[in-house]
Amino acid sequence: MLNEIIERFKQGYKTTDFPKTDPELSNRYKGVPTIKCCDKECKACVNVCPTDAIIFDDKYNIDLSKCTFCGDCVSACPNSNIEFSSDFRMAVSDKADLLVSDKQLKLANATKNKIFSMFNRSLKLRVISTGGCNACEADINVLSTLAFDLGRFGIQVVASPRHADGLIITGPVTESMKTALKDTYDAIPDPKLVVAVGACALSGGIFQNHPEQNNGADNIIPVDLYIPGCPPNPYTILDGLLRILNKHF
């Protein structure tokens, strides 16, 4: 036992300093993309996108609510006009803000949700997987580990919706989970915060328009925070939660 204690002291402080300092992410990480003006007749990126996330309407746009960040569009573009940055900040309050081209994302703003200020000291969240593959769920779970220590921000995942202040939704909301989602939402006392995490919860993801799912959570219940990705990086999720609580630096 003594050897384990000594080794733990050698390891030092393991919790990330985020949000005081930005994290060091892998050079393979794909963050916020940009798509520049291009030949409107080309549409190579549009044709290759597996989720129809790239839209041409006077100019090319990427809908991050649908994007799986696969990078196929980068390879397909003959003019190298599409790039994925290393910026992990992508959480927004308005789903329409997830339509990006070459402009900066309009990130979630706590001032638009002043009612959530009461959660600043303690926010309890119930996670519900509505048919997800467990990737988004895994990245939510990792926030409770030593590296992230979600509890230091006063945020905690709880087992019962009746003990929760809000809801985190993953998955495309399958028909078999539709009623369960509604019942869970209704069981949370008002006012409540609803967070949709991942492309499936935002738009149906790779399952969009399938008859056995509902193309995202906001077709069933109101959503206050949209966090794109497939799955989102844990820092993307954490940044979104801190922004809506006005705890980001």
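**Exercise 1. List the buried residues of α7 in this predicted model, and work out how the helix is placed and bounded.**

Step 1. The buried residues of α7 are Pro234, Tyr235, Thr236, Ile237, Leu238, Asp239, Gly240, Leu241, Leu242, Arg243 and Ile244.

Step 2. Since 11 of the 11 residues of α7 are buried, the helix is largely enclosed by the rest of the structure.

Step 3. The elements against which these buried residues pack are the strands β6 (123-129), β7, β9 (193-197) and β10 (225-227), together with α4 (135-141).

Step 4. At the start of α7, the backbone nitrogen of Tyr235 has a side-chain oxygen of Asn233 within 2.8 Å, while the residue that follows the helix, Asn246, has a positive phi, near 60°.

**Exercise 2. Classify the ring pair of Phe88 and Tyr235, and place it in the chain.**

Step 1. The count of aromatic pairs comes to 6, and one of them, formed by Phe69 and Phe84, serves as a reference case: it is tilted, with 5.8 Å centre to centre and 55° between the planes.

Step 2. Phe69 belongs to the loop between β3 (59-63) and α3 (72-76), whereas Phe84 belongs to strand β4 (residues 82-84), so this pair ties together parts that are 15 residues apart in sequence. Phe69 and Phe84 are both buried.

Step 3. For Phe88 and Tyr235 the ring centres are 6.0 Å apart and the planes stand at 55°, so this pair is tilted; a tilted pair is one whose plane angle is neither under 30 degrees nor over 60.

Step 4. Because Phe88 lies in the loop between β4 and β5 (99-100) and Tyr235 in helix α7 (residues 234-244), the pair ties together parts that are 147 residues apart in sequence.

Step 5. Phe88 is buried, its relative accessible area being 3%, and Tyr235 also counts as buried, at 12% relative accessibility. One aromatic cluster is formed by Phe18, Phe88, Phe148 and Tyr235.

**Exercise 3. Determine what surrounds Asp165, and which side chain of opposite charge is nearest to it.**

Step 1. Asp165 sits in the loop between β7 (155-157) and β8 (166-170).

Step 2. Although Asp165 is buried, it has no salt bridge, and the nearest side chain of opposite charge, that of Lys124, is 6.8 Å away; a salt bridge would require a separation within 4 Å.

Step 3. With neighbours within four places in sequence left aside, Asp165 is in contact with Phe119, Ser122, Leu123, Lys124, Ile188, Pro191, Lys192 and Leu193.

Step 4. Among these contacts, Lys192 lies over the face of Tyr185, at 4.0 Å from the ring centre.

Terms used:
Residues numbered from 1 in each chain as written. Predicted model: local features only at pLDDT ≥ 70, side-chain atom pairs only at ≥ 80, totals over all residues. Heavy atoms only, no water. Helix = DSSP H or I, 4+ residues; strand = E, 2+ residues; numbered from the N terminus. Buried < 20%, exposed > 50% of the residue type's maximum accessible area, 1.4 Å probe, protein only. Lys, Arg positive; Asp, Glu negative; His and termini not counted. Contact = heavy atoms within 4.5 Å. Phe/Tyr/Trp six-rings, centres within 6.5 Å; stacked < 30°, edge-to-face > 60°. Lys NZ or Arg CZ within 6 Å of the ring centre and 35° of its normal. Polar contact = N/O pair within 3.5 Å; in protein donor to acceptor, adjacent residues only side chain to side chain.
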